Structure formats: structure tokens, C-alpha cells
Amino acid sequence: GAVAAINATYEPDATYIRVDGKNHHEVSIPSDHLRFWKHNGAITCDTEGQVRIINGAPGQENTREGWIKAQELYKSLPDANLFSGAPMLIDDYDPVGTRFVPDSLIGSDFKGIKYEDYRRHQGIRHPRTAVALTAENEFLMIVADGRNEKAAGMTARELTLFLAKHFNPRWALNLDGGGSATMVIKGLGAPETNVVNHPHDNHKFDHYGQRRICTHILVMKN
């Protein structure tokens with residue numbers, strides 16, 4: 001019955017996942033783990049359908065101290081549904097995503113950094129999935145293709161600037177990307193699946209490269 005859908009958040013051990021009031025996963029990896037950064041923001045929805053995007057680490061978006069505080073914040077929130085993600089891209093119009101990766105890093109610097117390090121993970125171009133909210137509470141779902149000569153993908157900084165320029169959302173959050181980045185719109189895209197973007201896993205730049213993932217966001221018709 002969904003009219004649209006996107007993939008949602010990262011692997012469960014690095015994220016906070018609550019559905020219908022039940023915590024399915026909390027961040028279980030230790031704070032010194034290389035993937036501990038993947039929850040500095042969250043999208044939530046209450047039982048009335050009110051959606052929020054929350055910066056769990058304001059002012060500390062790319063610090064371990066901020067990520068610890070974000071985890072503690074999510075545990076205290078009453079919202080029935082919550083997916084954490086990272087990085088926070090826009091916080092009350094502030095383009096915090098442009099500052100997640102240090103400006104001092106350039107392309108050649110990333111080669112010596114491990115793939116899951118937040119600086120490399122978000123500092124080079126990949127397919128991307130994000131959600132955003134406008135001041136009028138319009139909910140946006142964004143997927144950018146990548147890893148192909150026809151679509152290079154985006155860095156976190158590029159995605160932040162793209163959203164600010166074209167949609168001017170008040171809040172925006174990056175979710176899982178790469179091979180997981182998938183968007184479905186009923187009646188469009190591939191006839192069998194309605195996938196409208198070009199998921200990367202089959203390396204063909206068609207609508208059939210989607211992968212099996214553990215979380216997704218559905219838009220249901222009233």
C-alpha cells in the first residue's frame with residue numbers, strides 16, 4: 001500500500017532503531033569504534049504522525065562526546081518511532097553538514113584514512129539518501145545516484161549545499177547511502193519494483209541493483 005519508499009539507516013549495531021514504541025536496536029558498539037559516528041542525528045515520528053528531525057549532538061556533530069550525548073538523548077525521547085542517522089546536514093537552517101568533514105582534508109588525503117572513518121565516509125562522493133523537513137512541515141526524501149560515469153555521487157558537504165540551494169529545508173539528515181541508496185515511487189521506474197533511481201549493487205546503472213536492507217521508510221496513502 002505504500003506510494004513511496006526509501007532505504008533508511010545504517011547497520012543496526014551502529015544506530016538507534018525504534019518502531020511502534022519498541023526499541024529494536026540501540027547503539028551497541030563501543031564509543032571508540034570506527035563506526036560509532038553513525039547516529040549524530042535522528043528522524044522521529046510520534047503516534048499522531050508528527051515527524052521531526054533532531055540534531056543529537058548540537059555543536060559537537062563530529063566529536064565522540066557529541067555522539068555519546070546523542071545516544072543518551074534518543075533513549076529519553078518519547079517518540080514512538082526513531083531512526084538515527086549521520087551526519088546531520090541542516091539544523092534549523094544551519095548547514096552543519098558542510099563542517100562535518102574538516103576543510104583541511106583534500107582528495108589525496110583520504111587514501112590514508114580507513115573507509116569507515118567518518119572523514120573518508122562522508123568526505124568522498126557516494127550515492128546518498130537523505131530526509132528533510134521544510135518550515136511548512138513538508139517531508140522530503142532524497143536519493144542521489146553515484147559510483148558511475150553518469151552520476152558521481154555527492155559528499156556530505158555537496159549534499160548539504162544542494163539541499164539548501166534547491167529546497168531550503170529547515171532540517172535535513174543523511175541516512176545510509178552507497179549500495180543501499182534506493183527510492184521507490186508507485187507507478188514509476190522499473191515495472192516490477194517501481195525503483196526510480198539506479199541502485200549500485202549490480203554495477204549496471206539500471207533500476208535493478210537494489211540490495212536487501214534492514215530498515216526503510218514508507219509513505220502510506222491515507
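## Sorting the residues

Ala, Val, Leu, Ile, Met, Phe, Trp, Tyr, Cys and Pro count as nonpolar, while Asp, Glu, Lys and Arg are charged and the others, Gly among them, are polar. By that split, the lining of the largest pocket has 15 nonpolar, nine polar and two charged residues.

This is a predicted model, where local features need pLDDT of at least 70, side-chain atom pairs need 80 or more, and totals for chains, interfaces and linings use all residues. Numbering starts from 1 along each chain as its sequence is written, and side-chain values use heavy atoms, leaving out hydrogens and water.

## The largest pocket

Here a pocket is an open set of points on a 1 Å grid over the protein atoms alone, where a 1.4 Å probe fits, with protein on both sides within 12 Å along at least five of seven lines; lining residues have an atom within 4 Å of a point. The largest one is lined by 26 residues, and Cys45, Asn81, His216, Ile217 and Leu218 lie nearest its centre.

Strands (DSSP runs of E, at least two residues, numbered from the N terminus) do a good share of the lining: β2, β3, β4, β6 and β12 each supply at least two residues. β12 gives the most, with five.

## The open sheet

Four strands form an open sheet in the order β7-β10-β8-β9, with antiparallel pairing; two strands pair if DSSP finds at least two bridges between them. At the edges sit β7 and β9, each pairing on one side only.

β10 pairs with β7 over three bridges, and Asp91 stands opposite Trp171. Four bridges join β8 to β10; among the partners are Val131 with Leu173 and Ala130 with Asn174.
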